[in-house]
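Student: Please give me a close look at one part of this model. Then set that part against the rest of the chain.

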Amino acid sequence: ADTFVARLDADNFALIKQGATDEETLRLRGGVLSNAMRLSFDLPGAVIHLTASIGFAVSRPGDTPESLYDRADYATSIAKSEARGTAVIFSERHAQEINKVRALEHALRTADLDEEIYIVFQPQFDVAQNRTIGYEVLARWRSPVLGEVSPVEFIPMAERTGMISKITQTVLGKALAASAQLPKSMRLSVNLSAHDLASTTAIGLIVGMVTRAGTPCRIDFEITETAVMRDMNQANQALLLLLALGSRIALDDFGTGHSSLTHVQKLPLDRIKVDRSFVAEVTTDPTSRAIIKTTVELCRNLGISCVFEGIETEQQLDALLGLGGTVMQGYLFGRPMTEDMVHEHLS
Ligand code: C2E
Ligand code: MG
Ligand code: MG
């Protein structure tokens with residue numbers, strides 16, 4: 001009787017509750033709600049199971065409907081990502097997280113990218129040829145306000161806030177400059193994001209930059225499956241333009257997320273990069289070994305190359321060699337290094 005229920009859109013609902021707001025009461029009510037949602041629906045031909053992820057926010061003096069809703073929405077997103085099917089109460093910790101994210105976003109939006117973004121290089125070693133065949137280019141951000149920020153933090157944020165294409169261009173520009181100073185046989189791999197592939201403008205800019213740098217092209221690109229999922233046709237068009245430059249395309253983080261053989265079948269790939277989570281378990285987990293063995297075979301049958309990421313120990317390397325792996329990347333072969341270190345590494 002003391003609850004107002006509204007449907008916001010699709011599967012989103014808002015409940016306005018009056019009454020006690022202490023944590024224990026909220027937890028109890030959250031439990032009642034999520035348990036009620038867990039009851040299954042017996043339909044002809046199928047049983048449907050639902051879960052509800054719930055976020056509570058307690059109103060405060062001075063709240064607007066928007067500020068109250070934003071906190072509830074944030075708590076719900078935490079429930080979805082960290083505790084699906086349960087209730088999360090917006091807390092001081094969440095407020096701090098939001099502030100931190102805002103500060104990061106602000107610093108990135110106002111950053112002088114050319115000045116603050118720099119690149120490091122991680123060797124890719126071909127065991128069969130016994131030499132380094134190229135380097136993956138990894139972005140780093142040194143903010144004058146926040147210090148060093150990991151790409152694991154700022155890349156997803158740049159994707160969310162629409163800044164990623166600018167970062168890709170900055171990284172590519174620096175990679176092209178570095179490439180000109182390297183031996184002709186060295187290739188550099190640049191990571192692309194979903195936005196780069198989805199936008200004809202972004203791809204056009206990338207193509208323009210690589211073309212202006214002159215031939216032969218020594219830049220390759222890494223894409224992820226999430227990046228091509230939204231629109232496979234558009235992604236394919238974009239990749240064909242990159243291939244025409246003389247670039248090669250690698251499918252990154254293979255085996256995580258939305259792995260689908262359709263991607264391998266439909267995209268013009270030159271290599272697959274097996275995610276380091278498989279490499280981490282190659283010495284201990286028979287399933288990981290089996291998956292690696294099958295992937296090596298798949299690549300061989302398709303005539304594309306297979307790169308392993310995240311090799312840290314001799315034992316992992318031995319296991320991978322035993323399974324037919326040849327191209328290796330990981331701390332064992334070299335940590336991401338500066339351009340100066342690359343020249344030393346090659347000499
Ligand atoms: P990624 O493309 O899969 O890059 C490999 C990541 O694994 C790098 O982390 C690298 O430092 C790390 N790594 C390499 N070898 C080892 C190892 O032996 N052990 C362990 N534990 N880690 C290893 P990093 O540089 O922090 O980059 C993380 C992710 O950020 C990248 O994953 C990529 O998705 C993204 N990223 C980095 N630079 C760029 C960029 O310029 N553009 C885009 N779109 N994404 C980027
Ligand atoms: Mg990569
Ligand atoms: Mg990877």
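Tutor: The donor residues of the magnesium ion (ligand 3) follow the spacing D-D-x55-E in sequence. Donors here are N, O and S atoms within 2.8 Å of the metal (3.2 Å for Na, K and Ca), and sites may look incomplete because water is not among the atoms. This is a predicted model, in which local features need pLDDT of at least 70 and side-chain atom pairs count only at pLDDT 80 or more, while totals for chains, interfaces and linings use all residues. Residues are numbered from 1 along each chain as its sequence is written, chains are lettered from A and ligands numbered from 1 in the order in which they are written, and side-chain values use heavy atoms, with hydrogens and water left out.

The atoms that coordinate ligand 3 come from D252 (OD), D253 (OD) and E309, the last of which appears twice (OE and OE), at 2.1 to 2.5 Å. D253 and E309 link distant parts of the chain: D253 is in strand β12 (residues 249-254), E309 is in the loop between β14 (305-308) and α14 (314-322), and the two are 56 residues apart. Helices (H or I, at least four residues) and strands (E, at least two) are DSSP runs, numbered from the N terminus. E309 is buried, at a relative accessible area of 11%, whereas D253 is partly exposed at 27%. Buried means under 20% relative accessible area, exposed means over 50%, and partly exposed is in between, with a 1.4 Å probe and protein chains only.

D252 also serves a second ion: this residue bridges ligand 3 and the magnesium ion (ligand 2), and the two ions lie 4.0 Å apart. The protein donors of ligand 2 are E136 (OE), N191 (OD1), E222 (OE) and D252 (OD), at 2.0 to 2.3 Å from the ion. Their sequence spacing reads E-x54-N-x30-E-x29-D. E136 belongs to strand β8 (residues 131-143) and N191 to strand β10 (residues 187-191), so this pair ties together parts that are 55 residues apart in sequence. E136 counts as buried at 5% relative accessibility, and N191 as partly exposed at 28%.

Strand β8 leads on to the aromatic pairs. A search of the whole structure finds 3 of them. Rings of Phe, Tyr and Trp (its six-membered ring) pair if their centres lie within 6.5 Å; planes under 30 degrees apart count as stacked, over 60 as edge-to-face and the rest as tilted. One of the pairs is Y74 with F90, edge-to-face, with 6.2 Å centre to centre and 75° between the planes. Y74 lies in helix α2 and F90 in the loop between β6 and α3, so the pair ties together parts 16 residues apart in sequence. F90 is buried, at 13% relative accessibility. Another pair is W141 with F154, also edge-to-face, at 5.7 Å centre to centre and 75° between the planes. W141 is in strand β8 and F154 in helix α5 (residues 151-160), so parts 13 residues apart in sequence are tied together. Both W141 and F154 are buried.

Helix α2, which holds Y74, has 18 residues (65-82) and reaches 26 Å from its first C-alpha to its last, close to the 26 Å expected at 1.5 Å a residue. The expected span is 1.5 Å times one less than the number of residues. Its buried residues are R71, A72, A75, T76, I78 and A79. Seen down the axis of α2, these fall within an arc of 160°, so they line one face of the helix; the arc is that of the directions from the helix axis to the C-beta atoms. The buried residues pack against β5 (54-56), β6 (87-89) and α3 (92-109), contact meaning heavy atoms within 4.5 Å. E66 and S81, on the other side of α2, are exposed.

Helix α6 (residues 164-180) holds T170. T170 is buried, with a relative accessible area of 11%, and other buried residues of α6 include I167, V171 and L172. The T170 side chain reaches the backbone oxygen of K166 at 2.8 Å. That is a polar contact: a pair of N or O atoms within 3.5 Å, where within protein one must be able to donate a hydrogen and the other to accept it, and residues adjacent in sequence count only if both atoms are side-chain atoms. Not counting residues up to four places away in sequence, T170 touches L113, D114 and I117.
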